[in-house]
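Student: Could you take me on a close look at the largest cavity and the parts of the model around it? I would like one connected walk-through, please.

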Amino acid sequence: LLLSVNEKEELMTLLAGFLGGKGSESSLPGQIFSRTAAGTIFLVPAFFLPLIPWMIPFHLLYLFLRGFFLGFSTSMVLETLGFKGLFYIAVTLIPAELLQFLLSSLLLCCSLQEVHHLRHRKKSSRKAPQFFTAGPYLYTYAAGFAMMLLIIIFQSVLLQAVTGP
């Protein structure tokens with residue numbers, strides 16, 4: 001609503017060109033790699049969150065911005081393509097992005113639970129060794145990373161199928 005007419009038209013032209021197949025020259029492995037790198041930027045610091053709990057606000061800001069950009073992208077696709085945009089939103093944006101958002105939220109909650117567990121353990125037992133045991137926590141993040149890869153592959157294949165020639 002706050003964009004000027006020229007800015008909105010420029011965004012709509014870029015979006016229509018991308019969804020029309022003109023802007024999607026990047027290969028499937030390239031898309032998968034770039035999306036995996038973007039997901040790893042969240043997962044690696046979130047994994048170490050129990051050791052550096054002062055990073056919690058950054059992760060919450062990341063999730064907020066991710067949801068905001070998903071909403072902005074959805075509204076721009078809908079405004080640019082109209083009724084046909086519902087198809088693109090239903091096929092490419094909503095399933096994979098929503099699953100990634102939920103996965104990131106779940107892993108962040110797991111990290112916050114581990115932060116709480118470590119703080120509670122430190123207060124209750126002074127003589128016990130204060131080690132961070134990452135057994136089930138590590139397995140949770142490994143499974144989360146594998147799920148993220150499957151979601152990214154799913155999203156990239158769908159995007160190539162819808163926007164490809």
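Tutor: Happy to. Let us settle one convention before we start: Ala, Val, Leu, Ile, Met, Phe, Trp, Tyr, Cys and Pro count as nonpolar, Asp, Glu, Lys and Arg as charged, and the others, Gly among them, as polar. Please also keep in mind that this is a predicted model.

Now to the cavity itself. Rolling a probe the size of a water molecule over the atoms shows where empty space is left. A search of the whole structure turns up one cavity of 30 Å³ or more, and the largest cavity holds about 70 Å³ of space. Its lining is made up of Gly39, Phe42, Leu43, Tyr62, Arg66, Gln100, Leu103, Ser104, Leu107 and Met148. Two or more lining residues come from each of α2, α3 and α4, the last of these spanning 83-124. Helix α4 gives the largest share, four residues. With the convention above, the lining divides into six nonpolar residues, three polar and one charged.

Two of these lining residues, Phe42 and Tyr62, also meet as aromatic rings. A pair of aromatic rings is described by the distance of the centres and the angle of the planes. The count for the model comes to seven aromatic pairs. Phe42 and Tyr62 form a stacked one, with 4.7 Å from centre to centre and 20° between the planes. Because Phe42 sits in helix α2 (residues 28-47) and Tyr62 in helix α3 (residues 56-81), this pair ties together parts that are 20 residues apart in sequence. The two partners can be told apart by their accessibility: Phe42, at 2% relative accessibility, counts as buried, whereas Tyr62, at 26%, counts as partly exposed.

A second ring pair has another geometry. The centres of the Tyr137 and Tyr141 rings are 5.2 Å apart and their planes stand at 55°, so this pair is tilted. Tyr137 and Tyr141 are four residues apart in helix α5, which means that about one helical turn separates them. Both Tyr137 and Tyr141 are buried. Ring pairs also link Phe47, Phe48, Tyr137 and Tyr141 into a cluster.

Further along helix α5, which covers residues 135-163, we come to Ser156, with Gln155 in helix α5 as well. Gln155 has a relative accessibility of 4% and therefore counts as buried. Beyond its neighbours within four places in sequence, Gln155 is in contact with Arg35, Thr92, Ala96, Glu97 and Gln100. Among these, Gln100 takes us back to the cavity, as one of its lining residues. With Arg35 there is also a polar contact, side chain to side chain, at 3.3 Å.

Arg35 appears again beside Ser156: leaving aside neighbours within four places in sequence, Ser156 is in contact with Leu28, Gln31, Ile32 and Arg35. Ser156 is at 0% relative accessibility, so it counts as buried.

Val157, also in helix α5, rounds off the tour. With a relative accessible area of 41%, Val157 is partly exposed. From Val157 to Pro29 there are 128 residues in sequence, and their C-alpha atoms are 10.0 Å apart in space.

Conventions: Residues are numbered from 1 along each chain as its sequence is written. This is a predicted model: local features need pLDDT of at least 70, side-chain atom pairs count only at pLDDT 80 or more; totals for chains, interfaces and linings use all residues. Side-chain values use heavy atoms; hydrogens and water are left out. Buried means under 20% relative accessible area, exposed over 50%, partly exposed in between (1.4 Å probe, protein chains only). Contact means heavy atoms within 4.5 Å. A polar contact is a pair of N or O atoms within 3.5 Å; within protein, one must be able to donate a hydrogen and the other to accept it, and residues adjacent in sequence count only if both atoms are side-chain atoms. Rings of Phe, Tyr and Trp (its six-membered ring) pair if their centres lie within 6.5 Å; planes under 30 degrees apart count as stacked, over 60 as edge-to-face and the rest as tilted. On a 1 Å grid over the protein atoms alone, a cavity is a set of points where a 1.4 Å probe fits but cannot get out, and a pocket is an open set with protein on both sides within 12 Å along at least five of seven lines; lining residues have an atom within 4 Å of a point. Grid points are joined across faces, edges and corners, and a volume is the space filled by probe spheres set on the points.
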